[in-house]
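Trainee: Please give me a close look at the aromatic and nonpolar side chains of this model. I would like to see how the surface and the interior are arranged.

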Amino acid sequence: MNKVVVASKTKVTQQIITHKKNGFLYEAQDTEKVAAYIDEIVNDPCKKLMMEREAGKTALEYSWEKIISDIMSQLEAYFSEKSDDGIY
């Protein structure tokens with residue numbers, strides 16, 4: 001289930017959320033912006049749908065399957081390199 005995220009702007013959220021593409025970012029304590037972004041989502045179903053689709057694409061980048069696949073690829077590359085060096 002894809003959802004639009006409204007989150008405070010931090011280093012981590014800025015790495016995951018692209019403002020007005022797959023979610024909204026606001027400065028901490030700015031409750032007026034939070035309300036405005038929620039209002040924007042509620043009152044613009046087309047924008048909401050587009051942002052939900054983008055959020056779903058982003059979520060796939062952080063799925064367990066993707067994370068495990070990335071780790072396995074890194075381990076395989078590491079051990080392959082060590083094997084070529086005659087260590088393993």
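Mentor: Buried means under 20% relative accessible area, exposed over 50%, and partly exposed in between (1.4 Å probe, protein chains only). This is a predicted model, in which local features need pLDDT of at least 70 and side-chain atom pairs count only at pLDDT 80 or more, while totals for chains, interfaces and linings use all residues. Residues are numbered from 1 along each chain as its sequence is written, and side-chain values use heavy atoms, leaving out hydrogens and water.

L75 is partly exposed because its relative accessible area is 37%. This residue belongs to helix α4, residues 64-84 (helices are DSSP runs of H or I with at least four residues, strands runs of E with at least two, numbered from the N terminus). L75 also joins W64, I67, I68, I71, M72, Y78 and F79 in a nonpolar surface patch with about 790 Å² of accessible area together (patch residues have over 30% relative accessible area and no salt bridge, and nonpolar side chains are joined within 5 Å).

The interior offers a second picture. The largest nonpolar core has 7 residues: V4, F24, Y26, V34, Y37, I41 and M51 (buried nonpolar residues joined through side-chain atoms within 4.5 Å). Strand β2 (23-26) and helix α2 (31-43) each supply at least two of these residues, and α2 gives the most, with 3. In soluble globular proteins, nonpolar side chains tend to be buried together.

Within this core, F24 is in contact, beyond its neighbours within four places in sequence, with residues including V4, Y37, I41 and M51 (contact means heavy atoms within 4.5 Å).

The structure holds 2 aromatic pairs (ring centres within 6.5 Å; planes under 30 degrees apart are stacked, over 60 edge-to-face, the rest tilted). F24 and Y37 form a stacked pair, with 4.5 Å between centres and 10° between the planes. Because F24 lies in strand β2 and Y37 in helix α2, the pair ties together parts that are 13 residues apart in sequence. F24 counts as buried because its relative accessibility is 0%, and Y37 is likewise buried, at 8%.

The pair formed by Y78 and F79 is edge-to-face, at 5.1 Å centre to centre with 80° between the planes. Y78 is partly exposed, with a relative accessible area of 40%, and F79 is partly exposed at 38%. Both residues also belong to the nonpolar surface patch described above.

Definitions and conventions. Patches are made of residues with over 30% relative accessible area and no salt bridge: like charges are joined within 9 Å, nonpolar side chains (Val, Leu, Ile, Met, Phe, Trp, Tyr) within 5 Å. Accessible areas come from the Shrake-Rupley method with a 1.4 Å probe; for residues, only the protein chains shown count as cover. A salt bridge is a side-chain nitrogen of Lys or Arg within 4 Å of a carboxyl oxygen of Asp or Glu. Rings of Phe, Tyr and Trp (its six-membered ring) pair if their centres lie within 6.5 Å; planes under 30 degrees apart count as stacked, over 60 as edge-to-face and the rest as tilted.
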